[in-house]
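Below are my notes on the model, as numbered points. Please read them with the coordinates open.

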Amino acid sequence: MSTKVLIADDDAQLVRALSVTLAARGYEVATARDGRAAIDAVITERPDIVMLDLGMPRLDGIGVLEGIRAWSQVPVLVLSGRTDSSDKVDALDAGADDYVTKPFQMDELLARLRALGRRQATAAATAGATPTVVIGELVVDLVAKQVTPPSGPAIRLTPTEWRLLEVLVTNPGRLMTREMLLTEVWGPTHGNDSGYVRLYMAQLRRKLEPEPSHPRYLVTESGMGYRFAPNGVGGLPS
């Protein structure tokens, strides 16, 4: 069975070159051109290895790493033009397994992929499991797109509620401004419609929070936006 590699990079020429090279060596290749698409691809494509650029649009590489590491230990090889040691430290601290600086020699890159591939059995077992996030006693299944309590049927969410929840839980602990959420969920033409976010956050809290008026997991950052607090940090009511 071939190893599947996700190439997450906004450099179209580099993605094409890597795709051709890896396919010629027996790898199965998936691609993503921005940070949000990268997280979605890890969920849907279930790659064995992720090759990740740090400087991508919509969500940078560190944000992607934090989102992935909330539920998966799939090996991540960072490919970046950033040469400062602090960038490497930040990426490794965020969960990267290896770091290669652009430009790179293809032989070196392939060797690093093989090294990560030797951990493929363990990584595949983790990545192959259903990606889930826990909100208190609720389990959010990112593949099935449903939220289930300890007993009883799944909690019904509208497509918009689900998308808003998905953006928050795949960015654990990260401040998501109202503008970011509007762009991600409703599109760039709704950047000023902050009432949408307040309305749907209130609906999500009624369905998911133990005490909706005192949210512990879907937290308001006053005047800025919202944050998913995995450990249940108390927040401000909306």
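**Notes on the model**

1. V219 stands opposite R227 in strand 11. Strand 11 covers residues 225-228 and pairs with strand 10 in the antiparallel sense over four bridges. Helices (H or I, at least four residues) and strands (E, at least two) are DSSP runs, numbered from the N terminus, and two strands pair if DSSP finds at least two bridges between them.

2. On provenance: this is a predicted model, in which local features need pLDDT of at least 70 and side-chain atom pairs count only at pLDDT 80 or more, while totals for chains, interfaces and linings use all residues. Residues are numbered from 1 along each chain as its sequence is written, and side-chain values use heavy atoms, with hydrogens and water left out.

3. Strands 10 and 11 belong to an open, antiparallel sheet of three strands, ordered 9-11-10. Its edge strands are strand 9 (176-177) and strand 10 (218-221), each of which pairs on one side only. Helix 7 packs on this sheet and touches strand 9, strand 10 and strand 11; contact means heavy atoms within 4.5 Å. The direction of helix 7 makes about 70 degrees with that of strand 11. Axes are lines fitted to C-alpha atoms, for helices over the stretch in contact, and angles run from 0 to 180 degrees between N-to-C directions.

4. Overall, the protein has nine helices and 11 strands. Of its 238 residues, 47% count as buried (buried is under 20% relative accessible area, exposed over 50%, partly exposed in between, with a 1.4 Å probe and protein chains only). Among contacts with a separation of 6 or more, 56% come from residues 24 or more positions apart.

5. A second open sheet has five strands in the order 2-1-3-4-5, with parallel pairing. Strand 2 (28-32) and strand 5 (98-101) are at the edges with a single partner strand each, so one side of each lacks a neighbour in the sheet. Neighbouring strands here are turned by 20 degrees against each other on average, direction ignored.

6. Within the five-stranded sheet, strand 3 (residues 49-52) and strand 4 (residues 76-80) run parallel and are joined by three bridges. M51 has L77 of strand 4 as its bridge partner. Helix 4 (residues 85-93) packs on the sheet, touching strand 4 and strand 5, and its direction makes about 150 degrees with that of strand 5.

7. K4 is found in strand 1 and is buried, at a relative accessible area of 13%. A polar atom of the K4 side chain lies 3.0 Å from the backbone oxygen of E45. A polar contact is a pair of N or O atoms within 3.5 Å; within protein, one must be able to donate a hydrogen and the other to accept it, and residues adjacent in sequence count only if both atoms are side-chain atoms. Not counting residues up to four places away in sequence, K4 touches E28, E45, R46, P47, D48 and I49. R46, just after helix 2, takes a positive phi of about 50 degrees.

8. What caps the N-terminal end of helix 2? The cap is D34, with a side-chain oxygen 3.1 Å from the backbone nitrogen of R36. The D34 side chain also reaches the backbone nitrogen of A37 at 2.8 Å. D34 sits in the loop between strand 2 and helix 2 and counts as buried at 14% relative accessibility. Leaving out residues up to four places away in sequence, D34 touches M56, P57 and R58.

9. Helix 2 (residues 35-45) has as its buried residues G35, R36, A38, I39, A41, V42 and I43. These pack against strand 1 (4-8), strand 2, strand 3, helix 3 (61-69), helix 7 (159-169) and helix 8 (178-186).

10. Helix 5 (residues 106-117) has 12 residues and reaches 16 Å from its first C-alpha to its last, close to the 16 Å expected at 1.5 Å a residue; the expected span is 1.5 Å times one less than the number of residues. The buried residues of helix 5 are L109, L110, L113 and L116. They cover an arc of only 120 degrees around the axis, which puts them on the same side of helix 5; the arc is that of the directions from the helix axis to the C-beta atoms.

11. A144 lies in the loop between strand 7 (138-141) and strand 8 (146-148) and is partly exposed, with a relative accessible area of 43%. A144 and T132 are 12 residues apart in sequence and 9.6 Å apart in space, C-alpha to C-alpha.
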